[in-house]
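Here are my notes on the model you sent round. They cover the fold, the empty space inside it, one helix pair and a few single residues.

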Amino acid sequence: MVMGRTILGMVVGTVVMFLTIMGIEAIGHLAYPPPPGLDPTNPEHEAAFARFVLELPAMGKVVLALAWVAGAFTGGLAAAKIARHQNAAAVFVALVVMSGVVAMIVRGPHTTWLAAAGLLLPIPAALLAARLVHRPKLLPKL
């Protein structure tokens, strides 16, 4: 039962993380819209997508980094609220965020600070979230 709750926490946390990142990125696209017709999922548009991200103004990159960190935090919070192994579930969500960041870095060039933020901040954000919902283990009564 303990492992089941942890796995459920990881799944729910990952869903919450994706929704958070998608929501913040959607808001960012309102301020910094991609070129018309650009489909980031289309392999033929990889060069255009890489150029778009590279030419994104600094504030647009801050929004992107904020989306990653907020996704790790909210997903880690949801995972930790459900899971018995709170830190493990929260870190799992952060690792999913980081794998997405690595995929973005591999697809095309990114500014160094954006890549560093995407790789260094998700785990501390998720662990902070887990700390906020930490349930101390109760000692057995004698």
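The points below go from the whole chain down to single residues.

1. Status of the model. The structure is a predicted model. Every value in this note should be read with that in mind.

2. Overall make-up. The protein has 6 helices and 0 strands. In sequence order the pattern is α-α-α-α-α-α. The C-alpha trace spans about 65 × 25 × 25 Å along its principal axes.

3. Burial and contacts. Of the 142 residues in the protein, 37% are buried. Among contacts with a separation of 6 or more, 78% are between residues 24 or more positions apart.

4. The largest pocket. Its volume is about 610 Å³. The lining has 26 residues, and those closest to the pocket centre are E25, F49, L64, W68 and M104. Two or more lining residues come from each of α1 (2-31), α2, α3 and α4. By class the pocket lining splits into 20 nonpolar, 4 polar and 2 charged residues.

5. The cavity. How many cavities of 30 Å³ or more are there? The count is 1. The largest cavity holds about 40 Å³ of space. Its lining consists of E46, F49, A50, V53, M104, R107, G108 and H110. The elements that supply two or more of these residues are α2 (46-55) and α4 (86-107). Helix α2 gives the most, with 4 residues. The classes in the cavity lining are 4 nonpolar, 2 polar and 2 charged.

6. Pocket and cavity read together. F49 and M104 are among the residues closest to the centre of the largest pocket, and F49 and M104 also line the largest cavity. Helices α2 and α4 are among the elements that give two or more residues to the pocket lining, and α2 and α4 are also the elements that do this for the cavity. On the general method, rolling a probe the size of a water molecule over the atoms shows where empty space is left.

7. The α3/α6 pair. Two packed helices are described by the angle between their axes and the distance between the axes. Here the axes of α3 (residues 58-82) and α6 (residues 122-132) come within 7 Å and cross at roughly 35°. The crossing of α3 past α6 is right-handed. On the α3 side the contact is made by V69, A72, F73, G76, L77 and A80, and on the α6 side by P122, A125, A126, L128, A129, A130 and L132. This contact comprises 12 nonpolar residues, 1 polar residue and no charged residues.

8. M59 and G60. Both sit in helix α3: M59 is found there, and so is G60. Is M59 buried or partly exposed? M59 counts as partly exposed because its relative accessibility is 48%. G60 has a relative accessible area of 6%, so it is buried. M59 lies 31 residues from G28 in sequence, with 9.2 Å between their C-alpha atoms. For G60 and F73, which are 13 residues apart along the chain, the C-alpha separation is 20 Å. F73 is also one of the α3 residues that meet α6.

9. G71. This residue is in helix α3. G71 is buried because its relative accessible area is 0%, and the cut-off for buried is under 20%. Which residues does G71 touch, leaving aside those up to four places away in sequence? They are M17, T20, I21, G76 and V93. One of these partners, G76, is itself among the α3 residues in the contact with α6. A116 is 45 residues from G71 along the chain, and the two C-alpha atoms are 16 Å apart.

10. V102. The residue is in helix α4. Its relative accessible area is 40%, so V102 is partly exposed. V102 and G118 are 16 residues apart along the chain, and their C-alpha atoms are separated by 8.4 Å.

11. What to look at on screen. For the empty space, start from F49 and M104, which line the cavity. For the helix pair, view α3 and α6 along the crossing at roughly 35°. For burial, G71 at 0% can be set beside V102 at 40%.

Notes:
Residues numbered from 1 in each chain as written. Predicted model: local features only at pLDDT ≥ 70, side-chain atom pairs only at ≥ 80, totals over all residues. Heavy atoms only, no water. 1 Å grid on protein atoms, 1.4 Å probe; cavity = no way out; pocket = protein on both sides within 12 Å on 5 of 7 lines; lining within 4 Å. Points joined across faces, edges and corners; volume = space filled by probe spheres on them. Nonpolar A, V, L, I, M, F, W, Y, C, P; charged D, E, K, R; others polar. Axes fitted to C-alpha atoms, helices over the stretch in contact; angles between N-to-C directions. Left-handed = near helix turned anticlockwise from the far one by under 90°. Contact = heavy atoms within 4.5 Å. Buried < 20%, exposed > 50% of the residue type's maximum accessible area, 1.4 Å probe, protein only.
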